[in-house]
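Q: Could you take me through the second largest pocket in this model, with a close look at what lines it and at one of the helices involved? I'd like the cut-offs spelled out as you go.

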Amino acid sequence: MARATKFSAIIPRALFTRSISTASSFAVKLLAAEFPPPPTPQVSFDLADTERLFASVPTSTLLRSFAILSLMAAGPVVDLGTAALRASMASGGRLLRPAALAAARATVHRQFCAGEGAEEASLTVQRMWSEVGLRSILDYGIEDAEDSAACQGNLAGFLRAVDLAATLPPTSASVCVKITALAPISLLERVSDLLRWEQKDPSFSLPWRTHSFPILCHSSPLFLTPREPQPLSEDEEQELQSALRRLSMLCDRCVKANIPLLIDAEYSSVQPAIDYFTYWATLESNKQREQPIVFGTIQTYLRDAKERMMNAVEAAEEQGVSLGVKLVRGAYLTRETRLAESMAAPSPIHGSLHETHVCFDTCASFMMEKVSKGSGAVVLATHNVHSGQEAARKAEELGIGKDDEKLQFAQLMGMADGLSLGLKNAGFRVSKYRPFGPVEQVIPYLLRRAEENKGVLSTSSNDRQLLRKELSRRVTAAFVGRALN
């Protein structure tokens, strides 16, 4: 099984330390600051009126976003850029690497990330809250740790991110984490193999398993484990406990600060282990809480998404636990498809985009009905305008208040800004996912965004249309204004 690329080896320790060391001193300044309230929303979900939609966005920002998203829609350009970035990281060349990093910093990093350090990210969050009324999901952008030492260092970064979020205006920020940053990839692969085999053979014993939450289902991609795996060794079990302790420390910090923790989903080869960690944290942190602290993630482009989600909701209700679910469409399509093809197995992803849309909307409707009955909470992380409109309509139909913190929307920084602003203007709680960290550190994330935005039919096509319309309106207004003067 392919291992993740070892990015940690190319990140200078001084750069890593600098990216998180400013948090403590900056936090003191923030605690003493007066935070203005966000703008009062006006209830109207209208994306057609771009003048109102982008009223709080400077023309320079619109121009930069339009230019970068348009450039990323050119497939050959993106292919060339990503190839150069990967080559520069692999070779460590003196000339290619600095040039590639500088280009990435000026374009995709600036578009999709909140900054390289904690202070810069904090200023971004504050500005978006006070000027626009958008919340933020802070992501200390690291993943794919190779060993326990790297995981321990990563934990320090995530703990500082929580401390930073706690200094920001109340409810303006939450934090997310990837389990691949807190547990070695090799361990997650081993645990996932064992969980898949347990699904195949319920009599298979997993002595280290501490909870009975359902992880997989009949439609899950069990082909990834073609033969019975060896049990965890004593050292692996100790490593598993160490990883759980790291997650427990992070959850404890979030509980004390009342900062939501969103655990990201990743690729299928390690997702069963990620779900095991997520539900372990859910049972530890969400019991006897009306509003969940820990949220897991369901990727609805997977064929088994709906069944796994419904099984988890049922188990949580039986055990009296408030389940937090973040719904996304998914970000590892190319990886999943290639892996399935290499094993001559059916893809775990839905056969069409339409099926993925239907799965997302069905799962969203199911979770919103649960929210309306006081069970669980959901974050609808979507860039699809139709899904946003349907969810807004469903919320009104079910009588879910727009200030109900159990229903939130989210989009990635630098994408779907029109949808984010439209939902916010309609009164809903909306967050932008804001990774931060040095360019070298967030390369895996940036490469996924490049892939997602590539091509004429990319996910950013609606964004570009709205930006083009508003820029054209502003240019026309400026010419008319000059003519009148």
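A: Start with α6: this helix supplies the largest share of the second largest pocket's lining, 7 residues. Helices here are DSSP runs of H or I with at least four residues, strands are runs of E with at least two, and both are numbered from the N terminus. A pocket is an open set of points on a 1 Å grid over the protein atoms alone, with protein on both sides within 12 Å along at least five of seven lines, while a cavity is a set where a 1.4 Å probe fits but cannot get out; a lining residue has an atom within 4 Å of a point.

Before going further, bear in mind that this is a predicted model, so local features need pLDDT of at least 70 and side-chain atom pairs count only at pLDDT 80 or more, while totals for chains, interfaces and linings use all residues. Residues are numbered from 1 along each chain as its sequence is written, and side-chain values use heavy atoms, with hydrogens and water left out.

Back to the pocket: its volume comes to about 690 Å³, where volume is the space filled by probe spheres set on grid points joined across faces, edges and corners. It has 32 lining residues, and Thr61, Arg64, Arg127, Met128 and Met413 sit closest to the centre. Elements giving two or more residues to that lining are α3 (59-72), α5 (96-112), α6 (118-132), α15 (417-425) and β8 (430-436). Chemically, you get 13 nonpolar, 9 polar and 10 charged residues. For that split, Ala, Val, Leu, Ile, Met, Phe, Trp, Tyr, Cys and Pro count as nonpolar, Asp, Glu, Lys and Arg as charged, and the others, Gly among them, as polar.

Now zoom in on α5, one of those contributors. This helix has 17 residues and spans 22 Å from first C-alpha to last, close to the 24 Å expected at 1.5 Å a residue; the expected span is 1.5 Å times one less than the number of residues. It isn't straight, though: α5 bends by about 45° at arginine 105, taking the bend as the angle between axes fitted to the seven residues ending there and the seven starting there. Its buried residues are Arg97, Ala100, Leu101, Ala104, Val108, His109, Gln111 and Phe112, with buried meaning under 20% relative accessible area, exposed over 50% and partly exposed in between (1.4 Å probe, protein chains only).

For contrast, the closed spaces: the whole structure holds 7 cavities of 30 Å³ or more, and the largest cavity has about 80 Å³ of space.
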